[in-house]
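Biologist: I am new to this structure and would like a close look at a single part, the place where the two protein chains meet. Please take me through that contact carefully, and then set it beside the rest of the model.

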Protein chains: 2
Amino acid sequence: MARAVPETHGEILAAAARRFAVTGYKGTSLQDIARAVGCSKATVLYHFANKEALLSELMAPAIAVLEALDARLAGTTGATAQEIAGEGFVDLAVRFRRQIALLRGEFPDLLQQPAFAHVQQISERLIAAFAGNSDRPSARIAALVVLAGIAETCAEFIDIPDEELRPALLAVVRRALEPVT
Amino acid sequence: MARAVPETHGEILAAAARRFAVTGYKGTSLQDIARAVGCSKATVLYHFANKEALLSELMAPAIAVLEALDARLAGTTGATAQEIAGEGFVDLAVRFRRQIALLRGEFPDLLQQPAFAHVQQISERLIAAFAGNSDRPSARIAALVVLAGIAETCAEFIDIPDEELRPALLAVVRRALEPVT
DNA sequence: TCAGGCGCTGACCGATCGGTCAGGCATGCT
DNA sequence: AGCATGCCTGACCGATCGGTCAGCGCCTGA
């Protein structure tokens, strides 16, 4: 018989997700998380090697989906790339709102960590896709406005239902992006 | 004759602006700023009562312009409000790119500080204006995407010339906002 | 000439951070 | 019964944070 094992690991993960989404990664201490779970800080570090490992495990599913989107983007150009990137990213951002929220303002720093090794390049390819692979500065500017705007909006509207948020975001994307010439 | 006074105060302010824009407010220590200036941390605190005072003095001009925009917004509705908010905010964001950059991800926290007492309400009125004073969720979502997207984009493109950034942003705004019905 | 103040500094403070470690307690296997 | 192992903890560590303070050298007005 398996020992009636406590679910502390999962509880810590869940509490960390909630706290990170509100106060950010740097802004949340291991003490905060331990308090939310009702255990000691040492227990948190018993279940996770360090704070970074906690973050990695939390972000893994979102990053997997992001990589899948990147794969679907390969070889596309122009309006097709814009459409795939738009639908794909809106979908991802809505589904992983909490994970996006915890990145707020810490994106550049967190990209340095090994767990996010490829994310930097992927986000650059995403911007290029939003720009319809155009080199025009105005297209790239529009792409960044859309990308960053979606992310921030998803992090902000953390409680409204998916089926309300998603179509509204998609409508904005389709209006905002520069048409490919 | 006035004593040949050192310009340390201004140098600290300038260095702080540069450091804050790169590593954020919380992410920049007084030690960092002192090192950039070439003085001691105690000197920084001799010229400024505390870290918050440094931030306040840095943000004051931007907040003044924001308040002026808010005043111009009073009494406007629909497409007029959208146009004034769009032009006004793009202009502000481009001019005060460094100040916007230092707010990245710390906006909610920093709003608590006394120096930003009114900014919360002003930004809510700005969003309402971007939405053309419509209550429809999709209009408010589009408004937030535009507002946050502009801010983030300005913080990101810190080096390209104003005359390239401004028209591109204005074009995105005009495309992206939901037309008033 | 000299007292006073301005600009500045090193040393120090308490708090908090992420992380380590030896050990306690309960459980299951032999 | 006795040992081993898994889960958990309090105490502790060095680093860094924002901030304080006594005092130093130098310039200036009287």
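Modeller: Between them, chain B and chain A bury about 2200 Å², and 75% of this area lies on carbon and sulfur atoms. In chain B, the residues that lose the most area to chain A are Ile141(B), Val145(B) and Arg175(B), which together make up 28% of what that side buries. Please keep in mind that this is a predicted model, and that every value given here is computed from it.

The contact draws 27 residues from chain B and 27 residues from chain A. On the side of chain B that touches chain A, the elements giving two or more residues are α9 (137-156) and α10 (162-176) of chain B. Of the elements on that side, α9(B) gives the most, with 12 residues. Sorted by class, the side of chain B that touches chain A holds 15 nonpolar, five polar and seven charged residues.

Given those charged residues, one may ask how many salt bridges the rule finds across the interface of chain B and chain A. The count across that interface is zero, while four residue pairs, both members at pLDDT 80 or more, are in polar contact between chain B and chain A. Side chains of opposite charge can pair when their charged atoms come close. Over all chains, a search of the whole structure finds 20 salt bridges. One example within chain A is the salt bridge of Glu87(A) with Arg174(A), whose closest N and O atoms are 3.5 Å apart. Because Glu87(A) lies in helix α5 (residues 78-95) and Arg174(A) in helix α10 (residues 162-176) of chain A, this pair ties together parts that are 87 residues apart in sequence.

To set the contact in its frame, chain A has 10 helices and zero strands, and its C-alpha trace spans about 60 × 35 × 30 Å along its principal axes. An unreviewed UniProt entry places the feature "domain: HTH tetR-type" at residues 6-66 of chain A, a span that is 77% helix and 0% strand, with its end C-alpha atoms 32 Å apart. UniProt, again in an unreviewed entry, places the feature "DNA-binding region" at residues 29-48 of chain A; over these residues the chain is 75% helix and 0% strand, and the end C-alpha atoms are 14 Å apart.

The model also holds DNA, and around DNA strand C there are 16 residues, of which Lys41(A), Lys51(A), Thr8(B), Thr43(B) and His47(B) come nearest. The residues of this surface divide into seven nonpolar, seven polar and two charged. Both α3 (41-47) of chain A and α3 (41-47) of chain B supply at least two residues of the surface near DNA strand C, and α3(B) gives the most, with four residues.

Among the atoms of DNA strand C within 4 Å of the protein, 60% belong to sugar or phosphate and the rest to bases. Several individual distances in chain B involve the phosphates: a polar side-chain atom of His47(B) lies 2.5 Å from a phosphate oxygen of DNA strand C, and an N or O atom in the side chain of Tyr46(B) is 3.0 Å from a phosphate oxygen of that strand. For Ser40(B), in turn, a polar backbone atom is 3.1 Å from a phosphate oxygen of DNA strand C.

Technical notes: Residues numbered from 1 in each chain as written. Chains lettered and ligands numbered in written order. Predicted model: local features only at pLDDT ≥ 70, side-chain atom pairs only at ≥ 80, totals over all residues. Heavy atoms only, no water. UniProt positions renumbered as here; feature names shortened; annotations may be inferred. Near = heavy atom within 4 Å. Polar contact = N/O pair within 3.5 Å; in protein donor to acceptor, adjacent residues only side chain to side chain. Nonpolar A, V, L, I, M, F, W, Y, C, P; charged D, E, K, R; others polar. Contact = heavy atoms within 4.5 Å. Buried area = accessible area lost by both parts, 1.4 Å probe. Salt bridge = Lys/Arg side-chain N within 4 Å of Asp/Glu carboxyl O.
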